[in-house]
Amino acid sequence: MNQSKERLTSSEIANLWTHYIRETMGLCVIKYMLNTIQDPQIHHVFQTAYGLCEKHLNKLKKLFHQENFPVPKGFNEEDVNLDAPPLFTDHFCLYYIHTMAMHGSQSYSLAFTLSIRQDLRNFYYQCNIDTMELYNQSIEVLIAKKLLDRPPYYSTPDKIHFINTLDYVTDLLGSKRSMNSIECGNIYFNIEKSLITKACLIAFKQVCKDKAIIKFLEKCLNAANKHIGTFTTLLLKEDLHLPRTYDLEITNSNVAPFSEKLMLFHSGFLFAAAISYYGSAAIYSMRADIVMHCEKAIIDDLLIYSSFGKLIIKRNWMEQPPNADDRKIINK
């Protein structure tokens with residue numbers, strides 16, 4: 001059988017639908033930032049991002065048409081104001097695209113492993129390569145401009161060691177051993193992502209006019225600040241350095257470059273990604289206090305995401321994901 005004619009599975013449908021909406025959102029943000037960036041090197045990175053985003057969307061549209069699947073509305077020119085003055089500095093735009101490349105890489109990798117059809121595996125395989133290329137470009141510019149914050153350094157071990165005491169898995173009341181490199185790396189990574197999220201939320205709140213969405217963004221900021229404070233304290237107790245903040249990379253513009261629908265959706269996306277990252281950090285930690293903090297952060301973010309879902313539905317902005325076939329037999 002021709003694989004391209006095989007029926008799509010639920011996972012394949014979900015990924016195509018989700019990635020189309022996210023790609024259209026990303027294209028709006030990239031278009032706007034391309035229009036404001038002055039630095040030639042950073043502008044080049046965004047030109048690459050724009051080209052990749054358009055390529056992915058064209059392929060997704062082709063797949064939808066091939067399957068007689070209605071193309072989602074997603075986001076379009078109504079959701080971006082290209083005449084808006086800069087809301088972000090060039091440096092923040094670079095940090096932003098670097099972070100979004102990380103999110104994209106994780107998402108495409110998962111979609112690849114959940115795809116059965118060869119044409120979809122080929123698509124997500126190429127998306128992964130594209131995203132890694134964008135990541136490479138963005139990190140090289142960050143390094144060249146001395147803007148890259150590196151995680152704390154740990155000394156390399158002199159020999160192999162084995163854990164020979166159960167005290168390594170500490171309880172909440174026991175004495176805390178030093179944080180190992182896996183735990184430190186995950187915590188540092190999550191703080192970085194939280195700081196990028198916080199800056200985006202500050203910018204969105206600054207230009208938003210919808211009172212209900214402003215209230216939601218304030219709730220998001222409170223959660224982000226709480227998590228930044230918690231995990232920052234863990235690193236400081238180990239005398240480990242912290243990533244930089246990005247709040248000063250937001251300009252004083254009060255003209256919204258994006259629709260309130262896009263800003264709300266983008267905020268929800270960032271919190272959904274955070275839930276995944278905190279879950280990974282909890283799984284790989286063997287210190288009970290770190291696991292507890294990650295679990296609390298997940299609960300906080302799930303509550304935020306629930307509020308996001310209710311608000312986006314109230315605004316009639318939530319496209320319904322494809323439903324399962326109705327197999328109920330109604331007896332008459």
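1. A good place to begin is Glu67, which is partly exposed, with a relative accessible area of 23%. Please keep in mind while reading that this is a predicted model. The value for Glu67 sits between the limits of 20% and 50% that bound the partly exposed class.

2. Glu67 has a charged partner: it forms a salt bridge with Arg117, and the closest N and O atoms are 2.9 Å apart. Glu67 lies in the loop between helix 2 (40–66) and helix 3 (90–113), while Arg117 belongs to the loop between helix 3 and helix 4 (118–144), so the pair ties together parts that are 50 residues apart in sequence. Arg117 counts as buried, at 1% relative accessibility.

3. Two further salt bridges are worth a look. Glu183 and Arg177 meet through their side chains at 2.8 Å, N to O, and both of these residues are buried. Lys193 and Glu192 also meet in a salt bridge, here at 3.7 Å, N to O. That distance falls within the 4 Å limit, so the pair counts. Salt bridges that share partners also join Glu67, Arg117 and Asp119 into one network. The count for the model comes to 13 salt bridges.

4. What surrounds Glu192, and where is it placed? Glu192 is in helix 5. Leaving aside neighbours within four places in sequence, Glu192 is in contact with Asp149, Pro243 and Tyr246. Glu192 is buried, with a relative accessible area of 14%, and its salt-bridge partner Lys193 counts as buried too, at 8%.

5. Turning to the inside of the model, which residues have the most contacts in the largest nonpolar core? They are Met33, Phe46, Phe88 and Phe258, in a core of 97 residues. The elements that give two or more residues to this core are helix 1 (10–36), helix 2, helix 3, helix 4, helix 5 (181–207), helix 6 (211–237), helix 7 (260–283) and helix 8 (288–314).

6. Met33 makes a handy viewpoint for looking into that core. Once neighbours within four places in sequence are set aside, Met33 is in contact with Phe46, Phe88, Cys93 and Tyr96. Two of these names, Phe46 and Phe88, are also listed with Met33 among the core residues that have the most contacts.

7. The aromatic rings deserve a point of their own. The count comes to 15 aromatic pairs. In one of them, the rings of Phe123 and Tyr124 have their centres 5.0 Å apart and their planes at 55°, so the pair is tilted. The reason is that an angle of 55° is neither under 30 degrees, as stacked would need, nor over 60, as edge-to-face would need. Phe123 is buried, with a relative accessible area of 7%, and Tyr124 is buried as well, at 0%. Elsewhere, Phe75, Phe265, Tyr305 and Phe308 form one aromatic cluster.

8. Finally, have a look at the outside. Phe112, Tyr125, Ile129 and Met132 make a nonpolar surface patch of about 380 Å². Which element gives the most to the patch? Helix 4 does, with three residues. Phe112, by contrast, lies in helix 3. Phe112 is partly exposed, with a relative accessible area of 31%. Patch residues need over 30% relative accessible area, so Phe112 meets that limit.

How values were computed: Residues numbered from 1 in each chain as written. Predicted model: local features only at pLDDT ≥ 70, side-chain atom pairs only at ≥ 80, totals over all residues. Heavy atoms only, no water. Helix = DSSP H or I, 4+ residues; strand = E, 2+ residues; numbered from the N terminus. Buried < 20%, exposed > 50% of the residue type's maximum accessible area, 1.4 Å probe, protein only. Patch = residues over 30% accessible without salt bridge, like charges linked within 9 Å, V, L, I, M, F, W, Y side chains within 5 Å. Areas by Shrake-Rupley, 256 points an atom, 1.4 Å probe, with all protein chains shown as cover. Core = buried A, V, L, I, M, F, W, Y, C linked by side-chain atoms within 4.5 Å. Contact = heavy atoms within 4.5 Å. Phe/Tyr/Trp six-rings, centres within 6.5 Å; stacked < 30°, edge-to-face > 60°.
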